[in-house]
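Student: I have a structure open and would like to work through it with you. Where should we begin?

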Amino acid sequence: VSIWGRTAIAGAFEHPTRFAPDKTAYQLHAESARGALEDAGLGVRDVDGFFTSGVGPIGILSLAGHLNLRPRYVDSQAIGGSSFVSHCLHAAAAIAAGLCEVALVTYGSTAASERFAIGTGGGFGGDPPDNFESPFGPTIVGSYALVAQRHMHEYGTTSEQLAEIAVTMRRHASLNPEAKYREPITVEDVLASRMISSPLHLLDCCMISDGAGALVLTSLERARDLRRPPVVILGGAEALRHAEVGTRDLIDVAAAQSGPLALERAGIRHADVDVCLVYDSYTITVLVTLEALGFCRRGEGGAFVGGGRIGLGGALPVNPDGGGLSSNHPGMRGIFLVIEAVRQLRGACGPRQVAGAGLALVHGTGGMLGQRHSGVTLVVGKA
Amino acid sequence: MAEKPYKKPLPRIDEESRGFWEALGRHELYLQRCRKCGLLRYYPRALCPACLSDATEWLRASGRGTVYSFTVTHQNQAPGFREELPYVLALVELAEGVRVMTNIVGAAPEQVRIGMAVEVVFEDVTPEITLAKWKPAAGS
């Protein structure tokens, strides 16, 4: 039995907050659940599948209690910011298999109001590999910087080319009334911003905001009778990359495995993709992800992201909402990639709408790109 | 000179990696190799990830390598690191072929380059723990 084309996203809600010192993360989850269920035209009692992450090891139990859910299918996938993209994939499989009918995915975080230093805090997970890394002071941004430095070395990629990605995201954010940073920036502004972990400058890095969102998935059949036009799950795949006993090629990221498989499962080609939602934790994340997904060849990403190609009106618009670089980044941004894909496919994005968007490719990256990370690709389209 | 308290995270020596840390304490760098399939591996662990054999031998590394990638860290709020900014986080490719996360020391951060020849230097950070860091190779 195939999963693809049988399930749909019926409800989507991005919480408008970017700073919520007066709210708890659980409240943001609940408000987002309400928003997505209202969007779908369903009630909380319809939910029989529950998916969340970023709430601690068994936090899904507490959150399910807070929301008073009694699901018959649960998944608290924990592979970093891509977890919520993974939830959609898993929900599609679960719904297609008859394990649940209405899946609710929620995310909420008050990272900014709690002043949580996500990218440049220390931290020692205590897992075996941490023993061989943490003593030397890797930060999250440092892990991505290792990939950027290597990419520059192998292919002559420049800081200007990386900066072009940040400039494009900001231009998109200027069209999104909910984006946190909307003032246009230039390549020179990016290069003049302070160095955080070379070669990544402050403006090569995503922000830290508060934020939340939720999605509701169900069978395509049921979704057709609901309030909104369904957005169909057409294909998807996951992958992990890690140090590989000390032999990993830093440019070989998880998207190189999950991307082609997701396209194959969806039965589409790169040229079919109208809009791309790529986790932009850092500018380098976008560049290597687009290469790995196969939109250009390895090493060509620097040239590919220039000339307006990834901007609105370009051949492959990426992150029309402004992404984590300019719209919001509460720590684990994957859910917003899917939400923006849904909004684009509904054609309701106003000045940032990709004209005629019928097919979207989403790719979430989670974890530390230079050490160990996850990649989840999802292909979604209009019914 | 009074000892400064060491604030950075310390590795936890466990049964899978004890031999590695004990060798570092003697200022020797050892890698594991699978006796069954011959795979050289880093970091140390009990079973070979290629063939799942637990027949393991220790191989003394030459202590020579090159910088595979690096980043000059200008921001890290963690105790121990924030006092030492900027510092160089790097992946060094050992002459034996495996890549290890480490710090480049004994060089100004702006002098570090990918491909630069480096050699191991042992830093006794506490009475129990020695870390392998890397510095520009003599004569390079």
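Tutor: Start with a helix on a sheet. This is a predicted model. Helix H2 of chain A, residues 59-66, lies across strands S2 (49-52), S3 and S4 of that chain.

Student: At about what angle does helix H2 of chain A run to S2(A)?

Tutor: Angles here are taken between N-to-C directions, on a scale from 0 to 180 degrees. Helix H2 of chain A crosses S2(A) at about 125°.

Student: S2, S3 and S4 of chain A belong to an open sheet. What is the strand order, and which strands are at the edges?

Tutor: The sheet has nine strands and mixed pairing. The order is S3-S2-S4-S7-S1-S8-S11-S10-S9 in chain A. An edge strand pairs on one side only. That gives S3 (73-75) and S9 (275-278) of chain A.

Student: By how much are neighbouring strands of this sheet turned against each other on average?

Tutor: Ignore strand direction for this one. The average turn between neighbours is 20°.

Student: How many bridges join strand S10 to strand S11 in chain A, and which residue stands opposite Gly366(A)?

Tutor: S10 covers residues 359-368 and S11 covers residues 372-382 of chain A. They run antiparallel, with ten bridges between them. Opposite Gly366(A), in S11(A), stands Ser374(A).

Student: Now Tyr107(A). Is Tyr107(A) buried or exposed?

Tutor: Tyr107(A) sits in strand S4 of chain A. Buried means under 20% relative accessible area. Tyr107(A) has 2%, so the verdict is buried.

Student: Which residues does Tyr107(A) touch?

Tutor: Leave out residues up to four places away in sequence. The contacts then include His29(A), Ser53(A), Gly211(A), Pro330(A) and Phe336(A). Another one of them is an aromatic residue, Phe84(A).

Student: How are the rings of Phe84(A) and Tyr107(A) arranged: stacked, edge-to-face or tilted?

Tutor: Eleven aromatic pairs are counted over all chains. In this one the centres are 4.8 Å apart and the planes make 55°. Stacked needs under 30 degrees and edge-to-face over 60. So the pair is neither, and counts as tilted.

Student: What parts does that pair tie together, and how far apart are they in sequence?

Tutor: Phe84(A) is in helix H3 (residues 83-96) and Tyr107(A) in strand S4 (residues 103-109), both of chain A. Both residues are buried. The pair therefore ties together a helix and a strand across a sequence gap of 23 residues.

Student: What does the pair of Phe132(A) and Trp21(B) join?

Tutor: These rings are stacked, 5.2 Å centre to centre with 20° between the planes. Phe132(A) lies in the loop between helices H4 (128-131) and H5 (140-155) of chain A, while Trp21(B) lies in helix H1 (residues 18-25) of chain B, so the pair joins two chains.

Student: Which residues are linked with Phe132(A) and Trp21(B) into a cluster?

Tutor: Both Phe132(A) and Trp21(B) are buried. Ring pairs link them with Phe20(B), Tyr42(B) and Tyr43(B).

Student: Which residue lies over the face of Tyr43(B)?

Tutor: Look for a charge over the ring, 4.1 Å from the ring centre. That residue is Arg45(B).

Student: Which strands form the open sheet of chain B, and in what order?

Tutor: There are three strands with antiparallel pairing. S2 and S3 of chain B are the edges, each pairing on one side only. The order is S2-S1-S3.

Student: Which residues partner Arg33(B) in S3(B) and stand opposite Arg33(B) in S2(B)?

Tutor: S1(B) has five bridges to S3 (residues 56-60) and two to S2 (residues 40-41). In S3(B) the partner of Arg33(B) is Glu57(B). In S2(B) the residue opposite is Leu40(B).

Student: Why is strand S1 of chain B called largely enclosed?

Tutor: S1(B) spans residues 30-34. The rest of the structure largely encloses this strand, because the buried count is four of the five residues.

Student: Which residue in the turn between S1(B) and S2(B) has a positive phi?

Tutor: The two strands form a hairpin with five residues between them. The phi is about 85°, and the residue is Gly38(B).

Student: Back to chain A as a whole. What is its radius of gyration?

Tutor: Chain A has 383 residues, of which 63% count as buried. A compact globule with that many residues would come near 21 Å. The value for chain A agrees with this: 19 Å.

Methods
Residues are numbered from 1 along each chain as its sequence is written. Chains are lettered from A and ligands numbered from 1 in the order in which they are written. This is a predicted model: local features need pLDDT of at least 70, side-chain atom pairs count only at pLDDT 80 or more; totals for chains, interfaces and linings use all residues. Side-chain values use heavy atoms; hydrogens and water are left out. Rings of Phe, Tyr and Trp (its six-membered ring) pair if their centres lie within 6.5 Å; planes under 30 degrees apart count as stacked, over 60 as edge-to-face and the rest as tilted. Buried means under 20% relative accessible area, exposed over 50%, partly exposed in between (1.4 Å probe, protein chains only). A charge sits over a ring if NZ of Lys or CZ of Arg is within 6 Å of the ring centre and within 35 degrees of the ring normal. Two strands pair if DSSP finds at least two bridges between them. Contact means heavy atoms within 4.5 Å. The radius of gyration is taken over C-alpha atoms; the globule rule is 2.2 Å times the number of residues to the power 0.38.
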